[in-house]
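Here is a walk through a two-chain model, written for someone who likes to check contacts and salt bridges by eye. Keep the viewer open as you read.

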Amino acid sequence: MNGVPSHTPLYDWHVAHGAHMVAYAGWNMPTHYTSITEEHNAIRNAVGITDISHMGRLRFEGPGASVFLAETLTRRVADLALGQIRYSLVTNDQGGILDDVLVGRYHNAYGQPYYVLVVNAGNRAKIVRWIDQHLPPERANRHGEEIIWDDVSCLWSMFAIQGPRSVELLQPLVDVDLNVMRYYRGAQVRILHPAAQRQGGIISRTGYTGEDGFELVLGVDIARAVWETLYDLGQPFGIVPTGIGCRDTLRLEAGMPLYGHELTEQINPYQADLAFACHLSGYDFPGRDALREIKKQSLKAMRVGLELDGRRVAREGAAILLDGNKVGEVTSGTFSPTLQKPIAMGYLRTDLAEPGTNLMVDIRGRQQSAVVVPLPFYRRPTKGGKK
Amino acid sequence: MNPEELLYAKTHEWVHVAADDAGSKIVTVGLSSFALEALTDLVFLDLPDVGREVRAAEPFGEVESVKAVSDLYSPVNGEIVDVNQKLVDNLENLPKDPYGIGWLAKIKVTDESGLANLMDYPTYKKQCEEEA
């Protein structure tokens, strides 16, 4: 990052469609086109398409790739099935969180395996450095265990297609049956679009919204043509282009942490309620020994959800109070478009983290009552129509 | 009100100056459409009580959107003589008609020196273009 925000291949499209652009993690991205609430509701009720090309994409292949990734990530990698994706963390030697990532295993057109690591835009440079530090040339080039990897973030674009109508919208553009694709599964596919010619892409049933949906990775040269086709095809489904503003309100409702807010190098996975992402008995990764120690100790503070009375929003940095004493701090907050009330996540003294605990939050000098609630705030209706 | 005939603060409040029957200056304050477009998705408006003393360039209320919270700044030293309480429960009217039914408060001016810091419409428009 040299101070001038990068443009994704869709920059001109965003501007032409009235997007409010904002510099975010080194990229010029749309916060919203019409309104955050409208775009949020479109994803909850129909379908929205978000340019997430700012996310970092790293590609690994070669016979040593799976072991290297297993020795870098907190989650198991070596046993990933073809097309399987896992949420994982990268931790430092102290067990602090460097990033949260998705790792997926795919086959290329020749049947050879490769891995894709999707990292946060703001952490991309840090993670690339981290990999360089942990992958000396003598290891990367070791005969029979070679590792070839590349930061392909600027060669590949990425869209999030999220919402209950996303299967119908995307199906005509890919050569796999999306109805049978499970959550956290993906595939290298052919993109059925004239501009794509014989180019492939990666589609996965993943997202950051709490809604059904997909993420699509494709070459930057065809990104705009495919985006425009999706936008046209989506009209009967009520498609809306969606910015990163509603991405934040959606992930908050879904109780998903955001790096830089709930996750930092000072936070360990157990505090963040991400124990499921730590596999301590397999390959040795940086931070594993520290996490074994942390796991034995009781946590002083942990990540919780809060619902607030009134309509004022508790935002990052707001103190959580009990009898006037600070017992925690808010890390993100918004006004939930779905629940129509202010919600927040934050870190709270563990002995107070039980749902139902009544507390106060200091919002810019005035106190507002709040209650600890279980995460997520919102869970999408299941197919049977039951909550 | 015609936005071109109003005065503007750097902090995006519009100001209309009039006189009451006794000859005191009364300013009506609102938020410009430029500010409202940037805020979007309003969820909460906090207005002061009638009778409260306010000071130039100090907050007298706040407006909260999904994205952020913004203070509302008084353009002058004075006393709140009326607030648009109806707007609090009908927030959609604020972006719909920011220069009419979306007015926020009326302030009886006790020291009008703050008025000298306000911009006319062309100057304000230029500031907005630079910010956009």
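Two residues are in contact when heavy atoms of theirs lie within 4.5 Å. The model is a predicted one, and every value below is computed from it.

**Where the chains meet**

With that cut-off, 17 residues of chain A are in contact with 14 residues of chain B. Together the two chains bury about 1,300 Å² between them, and 46% of this area is on carbon and sulfur atoms. Three arginines stand out on the chain A side: A:Arg311, A:Arg315 and A:Arg364 supply 39% of the area that chain A buries against chain B, more than any other three residues.

How many salt bridges cross the interface of chain A and chain B? The rule finds 6 of them. One is formed by A:Arg366 and B:Glu62, whose closest N and O atoms are 3.9 Å apart. This is a pair to look at with the cut-off in mind, because a salt bridge requires the nitrogen to be within 4 Å of the carboxyl oxygen.

**The barrel of chain A**

A:Arg366 also leads us into a sheet. In chain A, a closed barrel of 6 strands runs β14-β17-β16-β15-β18-β19, with antiparallel pairing. On average, neighbouring strands of this sheet are turned by 45° against each other, direction ignored. Helix α8 (residues 244-253) of chain A packs on the sheet, where it touches β16 (325-336) and β17 (341-349), and its direction makes about 125° with that of β16.

Within the barrel, strand β18 (residues 358-363) and strand β19 (residues 366-373) of chain A run antiparallel and are joined by 6 bridges. A:Ile363 stands opposite A:Arg366 in β19, so to speak at the place where we just left the interface.**The open sheet**

Chain A has an open sheet of 6 strands as well, in the order β10-β11-β12-β9-β3-β13, with mixed pairing. Why is one side of β10 (186-190) and of β13 (240-241) left without a neighbour in the sheet? Both strands stand at the edges and each has a single partner strand, so one side of each stays unpaired in the sheet. For β10, 5 bridges in the antiparallel sense pair the strand with β11 (residues 200-204) of chain A. One residue pair to pick out here is A:Arg190, whose bridge partner in β11 is A:Gly200.

**A buried leucine**

A:Leu230 is found in helix α7 (residues 220-233) of chain A. Is A:Leu230 buried or exposed? Its relative accessibility is 0%, so A:Leu230 counts as buried, given that buried means under 20%. Leaving aside residues up to four places away in sequence, A:Leu230 touches A:Ile49, A:Phe159, A:Ile161, A:Leu169, A:Leu170, A:Leu173 and A:Ile239. A:Gly62, by comparison, is 168 residues from A:Leu230 in sequence and 34 Å from it in space, C-alpha to C-alpha.

**Salt bridges inside chain A**

A search of the whole structure finds 27 salt bridges over all chains. The table gives three that lie within chain A.

| Acidic residue | Basic residue | Closest N to O distance |
|---|---|---|
| A:Asp151 | A:Arg124 | 2.7 Å |
| A:Glu265 | A:Lys126 | 3.1 Å |
| A:Glu307 | A:Lys341 | 3.0 Å |

The pair of A:Asp151 and A:Arg124 links distant parts of the chain: A:Asp151 is in strand β8 (residues 148-151), A:Arg124 is in helix α4 (residues 124-134), and they are 27 residues apart. A:Asp151 counts as partly exposed, at 23% relative accessibility.

Helix α4 of chain A also holds A:Lys126, while A:Glu265 lies in the loop between α8 and α9 (288-296), so this pair ties together parts that are 139 residues apart in sequence. The two partners fall into separate classes: A:Glu265 is partly exposed at 34% relative accessibility, whereas A:Lys126 is buried at 18%.

The remaining pair brings us back to the barrel. A:Glu307 is in strand β14 (residues 301-308) and A:Lys341 is in strand β17 of chain A, 34 residues apart. A:Lys341 is partly exposed, with a relative accessible area of 31%.

Beyond these pairs, salt bridges that share partners join A:Arg312, A:Arg364, A:Arg366, B:Asp46, B:Glu62 and B:Asp71 into one network.

**Cysteines**

How many disulfides does a search of the whole structure find? The count is 0 over all chains. As for individual cysteines, A:Cys154 is partly exposed, with a relative accessible area of 49%, and B:Cys128 is buried, with a relative accessible area of 8%.

Methods
Residues are numbered from 1 along each chain as its sequence is written. Chains are lettered from A and ligands numbered from 1 in the order in which they are written. This is a predicted model: local features need pLDDT of at least 70, side-chain atom pairs count only at pLDDT 80 or more; totals for chains, interfaces and linings use all residues. Side-chain values use heavy atoms; hydrogens and water are left out. Two strands pair if DSSP finds at least two bridges between them. Helices (H or I, at least four residues) and strands (E, at least two) are DSSP runs, numbered from the N terminus. Axes are lines fitted to C-alpha atoms, for helices over the stretch in contact, and angles run from 0 to 180 degrees between N-to-C directions. A disulfide is a pair of cysteine sulfur atoms within 2.5 Å. Buried means under 20% relative accessible area, exposed over 50%, partly exposed in between (1.4 Å probe, protein chains only). Buried area is the accessible area (1.4 Å probe) that two parts lose on being put together, summed over both. A salt bridge is a side-chain nitrogen of Lys or Arg within 4 Å of a carboxyl oxygen of Asp or Glu.
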